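Here is a short, friendly report on charged side chains and how they pair up. Have the viewer open beside you as you read.

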Amino acid sequence: MTLGVDGEPSHAYDCHSLVLRLPSSVGTEDVQRIMGRVVPRMPEYRGLRLWETSSTSQSDRVQKEAARPIARSRATVRGVLVRHPDGSTDLVLVARRSQLGKADLTRLAVMLSGGAEPAPDTASSPPAPSAGQPTPPPPWPEVPWGLGERRCAGEIGTVRLNLAQGDAALLVAATVLTLSRYNGDREPGIGRVTGDALTIDSFTVDEREAVSNYLDRMARSAAKAQSQGEARAPVGVLFGELDETCEYRPCLAPMFPLTFYWEHRPDGSFRGRCWYDRGVVAPEIGDRFAQHIVQAADSLTTIAGERPLGDIDFMTSEEEEAILRSGVTLPTTPCAAPRIDQLFTEIVRKQPDSPAVSDTLDSLNYRELEALAESLAAGLHALGVSSGDRVGVCLERGVTLVATLLAVLKLGCAFVPMDVRHPKERQRYIAADSGVSTVVAEGEFPEVEGLRKVTPGELVLADGQSGDHIRGTLGDCPAYAIYTSGSTGHPKGVLVPHSNVTALIRAAEQELSFTADDVWTFFHSSAFDFSIWEIWGCLLTGGTLVVVPYWVSRSPEEFRELLARSHVTVLSQTPSAFGQLIEADLASSSSDVTRLRLVVLGGEPLDTRILLRWFSRHSHTACRIVNMFGITETTVHVTVRTVTPADTERGSKNVGHALPGWSVSVRDERGRILPYGAVGEIWVGGAGVAIGYLGRHELTAERFIEDDTTGLRFYRTGDRGRLRPDGSLDHLGRWDDQVNVRGHRIELDEIRSVLMASPLVLQAAVTHFNDPTSDAARTRIDAYAVLAPGGTTRAVLRHCRSVLPEYMIPATLTAVEALPLTINGKVDHTLLPPPTMGFMAQGEPLHGEGLADPVVEKVLESWSRHLHTNVGISDNFFELGGNSLLVVRVLAELRKMNLPEVTVQQFYRHSTAARFAALLRDLTPDY
C-alpha cells in the first residue's frame, strides 16, 4: 500500500488524531484482516481507508501524519501505518471530531492493534450524516502580546509541559492569572470546549484578593459570564485523562491562538501540550507564556493562602534581570565636557571658521557665534544675573535666539524658552511659575512682578565685563526648563541638566553618524523640546544650522525649496509636518531634496504608512528615515529605529532600541517587570531622565521613581508599550488623557480647566478624535460645554485663545444642555453627541443672496469641504476648527482651481472668508 492524496482537507482545528504503537506480533495483513471484519459491522467506521508508508525519521513522519487533517469526504476516519527502520510500526488515526469522538477513535485503535472486537449484537447504529462543510474556526481576537509574524501564519508551534501536582481548577486559575498579567485585563476570558461547542468563561481577577479565596472561586468554576458561538479568547484550555499506551491530539490546529491540552495522570500530576499559530504568537512568546502558567500554578500551591494574589510571581528573578538587560543599551565613552557650553567651545577650537548658524538676515561662523554669546552673557552678568539663576528667553527663531540660549548657559544659568506667538497669559504664567527675574525678549512682554525685560541689543550695550562673568562647572546643573501641558489647568516645567543633553548628542552621534559636513534645520519652536535636539545636535557635532523662518515652516512648498537651496542633509520633523512635506514633494516635478541623508521623525507617534509615498520616490538607503520615541522628561529622545519600506507595509509600531546610555522597560501598575510582549507602562531610565518638575515635588515623586535596590532613577511615561525579545520597543499610545497633536503632548484636563475658568461655561468635557484614515490634519480635540445664560461658543473660544497656544485650541466646541454621566458620576464620553463641526456659528449660509461672486463661491466651497461644515462669508477659518495642516491643503486646492497663489502668511492675515476672497481678487484684478 502507498500513501495517497485523499481529497480536500477539512479544517484542521475540527479534526483530532491518535497514535498507537502496534505490537510486534501484528503485521499489515493482520490489520487488513481486522478491518475486513470490523468495518462492515460498525457503520461509524465506514469509509475507513488505510495507507502504509515508511520513514527514515521515526518521529517526524508520525507527527506529520498525526497533524494532517482528514479529507472532506464521506470517510469518517483515515488510518496510516508508518513503518520505521527498526521494524516497529505506528498506527495513526485521524478523524473529524464532530463525527467520531475520542472514545470511538480509541476503541478503533485498540481493535486494529489486535485488541477485543465487539460482539455481533453490539454493532453501533450508523452515524448521523455530515451537515456538509465543517464549521469554520472562529475569528481569533487580536493578541497584542503574541508578536506573531504574518508570514508564519499556519505554522504550528508546540510546547510540552509538566505539572507535578494540582488539579484542573488550579490550572485554570494559573491560566487566568497569567493571561491577566499579559493582557493587563482584570476580566480575562479563556476558551473551553463543551461537547463540540467552543465557549468563553470570563473571570474576575482582583490582585488584592487572598490566594485561598481565589483558588476557592476557581474550584467552584466561578465564571462571571459565558458566551457560546464565536469564541474569541486568546487562550483555550482542554482536559483529558492520560493513556500512556497512545498519544492523543484533540485538535490538529489550535482552536484558540494558544490551545492547552492537559492530561491527568493516575498519580495526580499532569502532562500538558500547547499548540499555537506562529502567525499570531511568536515561538519565544508562546514558549514563555506556557512556562509561566506552570510557574504560576506552582506559586499558587506554595504561597501562603492569606497573602494577596498580587504576591504571586510567575517570573524568576533571573528572567526579570534578563528582560531588564535586554532593554538597556550600554553607554558610549563618557563626554569629556559634560556641559553644553564647554562642548561647544571645544568645537569652536577645532573649526572656528566653519559656518555655524544662519537665518534670512545674518550668518555666523563658530568663532563669531561664540563671541556674540560671550558678549550677551557678560551683558546679563552686568545686569545682576548670576550662576544658578533661570533666565526667560522669548525671541523669534533666528541667529540671535541661538546666541542668547548659549549665553545663558555660559553664565551657568538655565534658560526658560517661551514662544513669541503663545498667548500673553501663558507667557506670564510661565515667567512667574519658573521664577525668572530676567527675560530676554523683543517687543512687548506681559508684566510680572519683579521681572525685568531686556532686549539682546541692550545686553550687548551692557557688556562692560566681557570674560569676567561667573561660569558654572558641573554637568548636572540645570541647562533649561521647558514647559509641557499639565493636568491642573496650567503647564508644568521640566528641569533638564547639561549632562543629559551632552549624553544625548554623544549617543546619537555614533548611532546616526553626524559629522561637521552636515547641514541641519532649526524648524521647531524653542518652547518645544525638539528644538533642543535640532540646535545642540547640530552645534555640538560641528554642523551648520539653518534657521527656518516661521512662515516658511508653515508652507511645505517654501520649506521644500529651502531644503534644496541650503543643501540640508539632516532634517528633524514631527510625522505630521513630514506628511505635509511628502505631499509638497510629490506635487513637485523634481526630486531636488536629494541632499537629505537623514530624516529624524519624533515628537509624536509615527504611523509608518505615511511613508509609503516617500519611499516610492526616494531610496531608503540614500536617505535614512529614523523614528525616535522620546519625551521632554527623558531629554527629547529615548529610542531609535531605522524605518524600512517593509515597516510601512505592515504598519509597524516598533520604535527601536534604547539609545546608548538609556534603558526602556515595560511594567504593570505596581512597577513589576512584565514579560516580553505583555502590554504595560513604558519606564525610561538612564542618562536622559530629567531632574524633575519645577515646584511640583509630589508630582516629581510620583513620576520620577528611585530604585532603592540599584540606586537608578526611572521616569514613568504613562505611555503604553511592549518589549520584544530582541529588546526593541513597540509604542502603543497613552494610558491616560494625555494626547499628542502635531508633535505636542497635551493634557486634556488642562483644556477642560481653561474652559471651566470662563464665566460663560457651567460644565465642560474634552475628548480627542483620531481619524481612522491616519490623516494628521484630521486629528483634533473636541470640546463640549454647558453654557451659562447668554454664553456663546464663539465667546468661549475667544477665552481659550487668550490662554492656550494654537495647537491646544479645540477644533470643535459643541454646546449641550447637560453632560451624560456614568453610574459613577463621571462623564460618559460614549454618549456625547457628534461634535458640531466648525462650531456652526453666526456665519451666513453658503449659498444665498449677494454670493454670486465666483471667487467667493470657490472659497466657501473649499473651506466647507475641508472644515466639514457649512461656511458663511463672515466666518473665520481658524474659529471653525482650521489648523496649519488644513491651510496647506486649502491653498493647494485653490491653486488647482486656477486661483492666484497665496502664501501661508497671507492666509493667516486674511482668515475670514470675506477677507480671503478680497485678497484673491486683489491679487488677480482681471479675474
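## A buried glutamate

Let's start with Glu-319. With a relative accessibility of 13%, Glu-319 falls under the 20% cut-off and therefore counts as buried. Please keep in mind that the model is a predicted one.

Where does Glu-319 lie? Its place is in helix 7, which covers residues 317-326. Once neighbours within four places in sequence are set aside, the residues in contact with Glu-319 are Arg-288, His-292 and Gln-295.

## Its partner, Arg-288

One of those contacts deserves a closer look. Between the side chains of Glu-319 and Arg-288 there is a polar contact of 2.8 Å. The two side chains also meet in a salt bridge, with an N to O distance of 2.8 Å. This pair links distant parts of the chain, since Arg-288 belongs to helix 6 (residues 283-302) and Glu-319 to helix 7, with their positions 31 residues apart in sequence.

How exposed is Arg-288? Its relative accessibility is 29%, so Arg-288 counts as partly exposed, while Glu-319, at 13%, counts as buried.

## A pair with both ends buried

Next, turn to Lys-410 and Glu-374. They form a salt bridge in which the closest N and O atoms are 3.5 Å apart. Lys-410 sits in helix 10 (residues 399-410) and Glu-374 in helix 9 (residues 366-382), so this salt bridge ties together parts that are 36 residues apart in sequence.

Are these two residues buried or exposed? Both Lys-410 and Glu-374 are buried.

## A partly exposed pair

Arg-713 and Glu-706 make another salt bridge, and here the closest N and O atoms are 3.1 Å apart. Arg-713 has a relative accessible area of 24% and is partly exposed. Glu-706 counts as partly exposed too, at 48% relative accessibility. Both values lie between the 20% and 50% cut-offs, which is why the two residues share that label.

## The wider picture

How many salt bridges does the count come to? The total is 43 salt bridges. Among them are the pairs described above: Arg-288 with Glu-319, Lys-410 with Glu-374, and Arg-713 with Glu-706.

Salt bridges can also join up into a network. Which residues are linked in this way? Arg-160, Glu-247, Glu-263, Arg-271 and Arg-273 are linked in a network of salt bridges. To view this network, select those five residues together.

Terms used. Residues are numbered from 1 along each chain as its sequence is written. This is a predicted model: local features need pLDDT of at least 70, side-chain atom pairs count only at pLDDT 80 or more; totals for chains, interfaces and linings use all residues. Side-chain values use heavy atoms; hydrogens and water are left out. Helices (H or I, at least four residues) and strands (E, at least two) are DSSP runs, numbered from the N terminus. A polar contact is a pair of N or O atoms within 3.5 Å; within protein, one must be able to donate a hydrogen and the other to accept it, and residues adjacent in sequence count only if both atoms are side-chain atoms. Contact means heavy atoms within 4.5 Å. A salt bridge is a side-chain nitrogen of Lys or Arg within 4 Å of a carboxyl oxygen of Asp or Glu. Buried means under 20% relative accessible area, exposed over 50%, partly exposed in between (1.4 Å probe, protein chains only).
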